[in-house]
Amino acid sequence: MLVAIESGAVGTGDPDRPGGVVDAVVRLQEGADAGVHGHGAGPVGRLLTAVAEPDDAAPQPEAEFRTALVAELARRYLRAVRAHAKGSGAPRVWQVLLSRWEAGRPDGGAGDPTRTALAGAHALVCFDLPPAVVSACTLLGRSPGPVEQAVVQAVTARIARLANEAAAIDTRSDDDASGLALLLSRSECWRQAEHLWTLRGRPSEAEKERAALDWRAALVARALLGSG
């Protein structure tokens with residue numbers, strides 16, 4: 001609901017505590033699972049909170065970047081939820097996904113959780129992750145390099161694995177899940193992040209690249225959510 005958005009339920013949390021934005025996703029989970037307008041899509045919230053679980057075995061440079069990266073993913077998602085609730089400004093891919101989820105099923109439940117998990121995983125990796133890398137690197141005062149690439153690959157693999165686990169309960173989605181895993185296993189996300197990094201200081205060119213990412217992700221979301 002828009003009231004929840006304006007009252008701070010969808011906020012960025014404590015700006016000095018990256019986990020605060022993930023907490024904001026958690027606070028919306030019950031409404032998101034039910035398809036309540038303005039609370040997001042349940043399967044996407046669960047993907048984000050699962051990915052946010054810390055990797056205690058990661059070296060400090062990787063752990064620091066991973067925390068900042070996941071927080072930025074959550075911020076971007078929450079901004080999209082807020083914009084969708086207000087009726088303007090949400091990226092195309094999130095408009096498609098959130099509208100379909102809230103529209104629900106004929107039996108009165110929220111949208112298809114399996115398809116939404118697959119579409120959400122693709123949106124997070126192929127639309128949100130490249131600019132999130134740029135934001136996280138800028139925040140930490142570092143350039144994208146081998147450490148950051150390793151984190152991006154690990155986060156991508158985890159999101160793909162979580163989406164596949166969600167799809168495992170629906171045999172109709174096996175082929176789409178396998179195709180998504182293959183798509184996300186490629187290095188396109190990292191190449192896009194590196195390219196966006198080179199466009200810093202050239203906002204019009206960067207915006208065109210982000211718009212292209214959005215269009216492609218929206219097309220995939222429509223295909224996934226419209227099948228089955």
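This is a chat about a predicted model of a protein with eleven helices.

Biologist: I'm new to this one. How many helices and strands does the protein have?

Modeller: Eleven helices and zero strands. Do keep in mind that the model is predicted. Going from the N terminus, the elements run α-α-α-α-α-α-α-α-α-α-α.

Biologist: What share of the residues is buried?

Modeller: Buried residues make up 48% of the 228 residues in the protein.

Biologist: And what about contacts, how many join residues at least 24 apart?

Modeller: Taking contacts between residues at least 6 apart in sequence, 72% join residues at least 24 apart.

Biologist: Let's pick a helix. What end-to-end span should α5 have?

Modeller: Helix α5 covers residues 60-86, which is 27 residues, and at 1.5 Å a residue that should span 39 Å. The C-alpha atoms at its ends are 39 Å apart, so the model agrees with the expected span.

Biologist: Which residue follows α5?

Modeller: Gly87, and its phi is positive, near 90°.

Biologist: Switching to charges. How many salt bridges are there?

Modeller: The count comes to ten. One of them pairs Arg46 with Asp33, with the closest N and O atoms 2.3 Å apart. That pair links distant parts of the chain: Arg46 sits in helix α4 (residues 42-51) and Asp33 in helix α3 (residues 29-34), 13 residues apart.

Biologist: Is Arg46 buried or exposed?

Modeller: In between. Arg46 has a relative accessible area of 47%, so it counts as partly exposed. Asp33 is partly exposed too, at 30%.

Biologist: Which residue does Glu64 form a salt bridge with?

Modeller: Arg142, and their closest N and O atoms are 3.1 Å apart. Here too the pair links distant parts of the chain, with Glu64 in helix α5 and Arg142 in the loop between α7 and α8, 78 residues apart.

Biologist: And is Arg142 buried or exposed?

Modeller: Arg142 is buried, with a relative accessible area of 16%. Its partner Glu64 is partly exposed, at 39%.

Biologist: Where else should I look in α5?

Modeller: Try Arg75 and Glu72, whose side chains meet in a salt bridge at 3.5 Å, N to O. Both are in helix α5, and because they are three residues apart there, about one helical turn separates them. Arg75 counts as buried at 16% relative accessibility, and Glu72 counts as buried at 10%. Back with the earlier pair, salt bridges that share partners join Glu64, Arg142 and Glu148 into one network.

Biologist: OK, pockets now. What volume does the largest pocket have?

Modeller: About 390 Å³. The largest pocket is lined by 22 residues, and the ones nearest its centre are Val125, Cys126, Leu183, Glu188 and Cys189.

Biologist: Which elements give two or more residues to that lining?

Modeller: Those are α7, α8, α9 (174-185), α10 (188-198) and α11 (203-226). The largest share, five residues, comes from α8.

Biologist: What's the lining like by class?

Modeller: It has 13 nonpolar, six polar and three charged residues.

Biologist: Now a single residue. Where does His122 lie?

Modeller: His122 is in helix α7, which covers residues 113-140.

Biologist: Buried or exposed?

Modeller: His122 has 5% relative accessibility, so it counts as buried; the cut-off for that is under 20%.

Biologist: What is His122 in contact with?

Modeller: Setting aside its neighbours within four places in sequence, His122 is in contact with Phe127, Leu180, Leu183, Leu184, Ala217 and Val220. Leu183 came up earlier, as one of the residues nearest the centre of the largest pocket. Also, the C-alpha atoms of His122 and Ala163 are 9.2 Å apart, though 41 residues separate them along the chain.

Biologist: Last one, Leu182. Which helix is it found in?

Modeller: Leu182 is found in helix α9.

Biologist: And is Leu182 buried or exposed?

Modeller: Leu182 counts as exposed, because its relative accessibility is 58% and exposed means over 50%. Its C-alpha atom is 9.1 Å from that of Ala160, with the two 22 residues apart along the chain.

Technical notes. Residues are numbered from 1 along each chain as its sequence is written. This is a predicted model: local features need pLDDT of at least 70, side-chain atom pairs count only at pLDDT 80 or more; totals for chains, interfaces and linings use all residues. Side-chain values use heavy atoms; hydrogens and water are left out. Helices (H or I, at least four residues) and strands (E, at least two) are DSSP runs, numbered from the N terminus. The expected span of a helix is 1.5 Å times one less than its number of residues. Buried means under 20% relative accessible area, exposed over 50%, partly exposed in between (1.4 Å probe, protein chains only). Contact means heavy atoms within 4.5 Å. A salt bridge is a side-chain nitrogen of Lys or Arg within 4 Å of a carboxyl oxygen of Asp or Glu. On a 1 Å grid over the protein atoms alone, a cavity is a set of points where a 1.4 Å probe fits but cannot get out, and a pocket is an open set with protein on both sides within 12 Å along at least five of seven lines; lining residues have an atom within 4 Å of a point. Grid points are joined across faces, edges and corners, and a volume is the space filled by probe spheres set on the points. Ala, Val, Leu, Ile, Met, Phe, Trp, Tyr, Cys and Pro count as nonpolar, Asp, Glu, Lys and Arg as charged, and the others, Gly among them, as polar.
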